[in-house]
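Work through the exercises below with the sequence and the model open. Each task is followed by a worked solution.

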Amino acid sequence: MKAIIIDDERLARQELKNLLAAHKEIEVVAECANAEEAKAKIAEISPDVIFLDIQMPGKTGLELLEEISALPEVVFVTAYDEYAIRAFEINALDYLLKPVQPQRLAETVKKLLNKEAGDKKENNSPLQDNDQVFVKDGEKCWFVSLNNIRLFESEGNYVRVYFDTFRPLILRSLNSLETRLPEKSFF
């Protein structure tokens with residue numbers, strides 16, 4: 001897969017490039033320091049995936065995406081978690097927080113490869129204890145590790161999720177969650 005790294009910080013680009021070197025399936029074909037440069041490279045190369053920072057001088061990564069017609073897979077790589085909701089609204093494949101952890105990057109590469117292979121089962125595969133899930137209740141949103149969730153409680157067509165001091169209500173049936181949860185942790 002051809003990849004472009006877009007980040008205004010040279011050291012951040014180099015670090016991500018070094019981490020991606022461990023994944024032979026991903027070939028970094030270009031690096032860009034700003035949105036304008038990236039827009040031209042994306043049009044020229046047509047990459048399969050872009051690793052995109054959000055906060056950059058000039059245009060942000062989100063503004064760049066609004067200007068691209070043929071959008072490749074997008075993986076946000078940023079130090080800011082407050083853009084996560086917006087990222088998933090535009091169907092970003094993943095959202096990595098800096099400093100990027102090698103194991104977390106490996107999960108992202110796996111998602112990319114599964115998506116490229118057309119493996120539709122990815123969304124229905126069982127979750128692991130260390131996986132994070134996105135929980136939204138009204139205006140509040142969280143990324144929660146399954147390790148931190150104490151209980152799922154059925155309330156009609158909804159499920160109440162208990163973690164930390166929070167108890168959000170999500171529109172999912174307990175049966176649909178049960179097929180994805182690890183059997184050793186949830187029963």
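Helices (H or I, at least four residues) and strands (E, at least two) are DSSP runs, numbered from the N terminus. This is a predicted model: local features need pLDDT of at least 70, side-chain atom pairs count only at pLDDT 80 or more, and totals for chains, interfaces and linings use all residues. Residues are numbered from 1 along each chain as its sequence is written, and side-chain values use heavy atoms, with hydrogens and water left out.

**Exercise 1.** Count the helices and strands of the protein.

Solution. Apply the DSSP runs. The protein has six helices and ten strands.

**Exercise 2.** Test the protein against the globule rule.

Solution. Take the radius of gyration over C-alpha atoms; the rule is 2.2 Å times the number of residues to the power 0.38. For 187 residues, a compact globule would have a radius near 16 Å. The protein has 18 Å, which agrees. Next, the box: along the principal axes, the C-alpha atoms fill roughly 50 × 35 × 30 Å.

**Exercise 3.** State the share of buried residues in the protein.

Solution. Buried means under 20% relative accessible area, exposed over 50%, partly exposed in between (1.4 Å probe, protein chains only). Buried residues make up 40% of the 187.

**Exercise 4.** Place Ala22 and decide: buried or exposed?

Solution. Start with the chain. Ala22 sits in the loop between α1 (10–20) and β2 (27–32). Its relative accessible area is 63%, so Ala22 is exposed. Then look across the sequence. Ala106 is 84 residues away from Ala22, yet their C-alpha atoms are 9.0 Å apart.
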